[in-house]
Amino acid sequence: MSKEVTIDDDADTERGSRKPNPIDAHVGTRVRLRRMLLGMSQEKLGEHLGLTFQQVQKYEKGVNRIGASRLFDLSRVLGVPVQFFYDEAPADLMEAQLAPGFSERPTESYVVEFLSTREGLELNKAFVKIADPRVRRSVVELVRALGGDETAD
């Protein structure tokens, strides 16, 4: 005797799916961003938290959800408030999670995505080392020109 098994696609995407929850993925991205800004390896972060680097990887990818106490520990080790991990979350995700009237529209998420890349991080670190404001302004104008954006603020 065989049983027919049906798969509910909607239920699969909500629970038991390998695709990370978008908020968990965003929080993980923010953990990775802060860790990279500090120049800290996944292994070193894991040591501070009593975890393996593989567990840190899973957190950063959003595969494993970060519990409240672990998020608190991460904020302490990485030197940021807990809210940092939710900053810049895409507006549609936040609006779906928060009560009407209590959510503020975050800034463009492409900035966070760029800063999460190796090039974005290197560019940011090099840029903040430029002491002369005129040189910094020239660099901004150069990058705008190379990117095809001739408009100024």
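Q: Why is Lys-44 called partly exposed?
A: This is a predicted model, and in it Lys-44 has a relative accessible area of 40%. Buried needs under 20% and exposed needs over 50%, with partly exposed in between. At 40%, Lys-44 falls in that in-between range, so partly exposed is the right label.

Q: What makes Glu-47 exposed?
A: Its relative accessible area is 51%. The cut-off for exposed is over 50%, so Glu-47 earns the label.

Q: How do you know that Glu-47 and Lys-44 form a salt bridge?
A: Check the gap between the side chains: N to O, it comes to 3.4 Å. A salt bridge needs a Lys or Arg nitrogen within 4 Å of a carboxyl oxygen of Asp or Glu. Here we have a Lys and a Glu at 3.4 Å, so the pair counts.

Q: Where do Glu-47 and Lys-44 lie?
A: Both are in helix α3, which covers residues 42–49. They are 3 residues apart, or about one turn of the helix.

Q: How many salt bridges does a search of the whole structure find?
A: It finds 4. Among them is the pair you just met, Glu-47 with Lys-44.

Q: What makes Asp-24 and Arg-65 a salt bridge?
A: Their side chains meet at 2.8 Å, N to O. That is within the 4 Å limit, and the pair is an Asp with an Arg, so it qualifies.

Q: Why is this pair said to link distant parts of the chain?
A: Asp-24 sits in helix α2 (residues 22–37), while Arg-65 is in the loop between α4 (53–61) and α5 (68–78). That puts the two 41 residues apart.

Q: Buried or exposed: which word fits Asp-24, and which fits Arg-65?
A: Asp-24 has 15% relative accessibility, and under 20% means buried, so Asp-24 is buried. Arg-65 has a relative accessible area of 56%, and over 50% means exposed, so Arg-65 is exposed.

Q: How do you know that Glu-60 and Arg-35 form a salt bridge?
A: Their closest N and O atoms are 2.6 Å apart. The limit is within 4 Å, so this Glu and Arg pass the test. Glu-60 is in helix α4 and Arg-35 is in helix α2, so the pair ties together parts that are 25 residues apart in sequence. Both Glu-60 and Arg-35 are buried.

Q: Why is His-26 called buried?
A: His-26, found in helix α2, has a relative accessible area of 11%. Buried means under 20%, so the name fits. Leaving out residues up to four places away in sequence, His-26 touches Phe-85, Tyr-86, Asp-87, Glu-88, Ala-89 and Pro-90.

Q: What label does Arg-30 get, buried or exposed?
A: Arg-30 is also a residue of helix α2. Its relative accessible area is 6%, and the buried range is under 20%, so Arg-30 is buried. Its C-alpha atom is separated by 8.2 Å from that of Ser-116, although the two are 86 residues apart along the chain.

Q: What makes Glu-88 a partly exposed residue?
A: At 21%, its relative accessible area isn't under 20% and isn't over 50%, so Glu-88 is partly exposed. Glu-88 lies in the loop between α5 and α6 (91–97). Its phi is near 70°, a positive value in a residue other than glycine.

Q: Which residues have the most contacts inside the largest nonpolar core?
A: They are Val-31, Leu-45, Ile-66, Leu-74, Leu-78 and Phe-85, in a core of 18 residues. Helices α2, α3, α4 and α5 each give two or more residues to it. Beyond its neighbours within four places in sequence, Leu-45 has contacts including Val-31, Leu-74 and Leu-78.

Q: At what angle do α3 and α5 pack?
A: About 120°, with their axes 10 Å apart. The crossing is right-handed. Leu-45, His-48 and Leu-49 of α3 meet Arg-70, Asp-73, Leu-74, Val-77 and Leu-78 of α5.

Q: How do the residues of this contact divide?
A: Into 5 nonpolar, 1 polar and 2 charged. Arg and Asp count as charged, so Arg-70 and Asp-73 fill that last group.

How values were computed
Residues numbered from 1 in each chain as written. Predicted model: local features only at pLDDT ≥ 70, side-chain atom pairs only at ≥ 80, totals over all residues. Heavy atoms only, no water. Helix = DSSP H or I, 4+ residues; strand = E, 2+ residues; numbered from the N terminus. Buried < 20%, exposed > 50% of the residue type's maximum accessible area, 1.4 Å probe, protein only. Contact = heavy atoms within 4.5 Å. Core = buried A, V, L, I, M, F, W, Y, C linked by side-chain atoms within 4.5 Å. Axes fitted to C-alpha atoms, helices over the stretch in contact; angles between N-to-C directions. Left-handed = near helix turned anticlockwise from the far one by under 90°.
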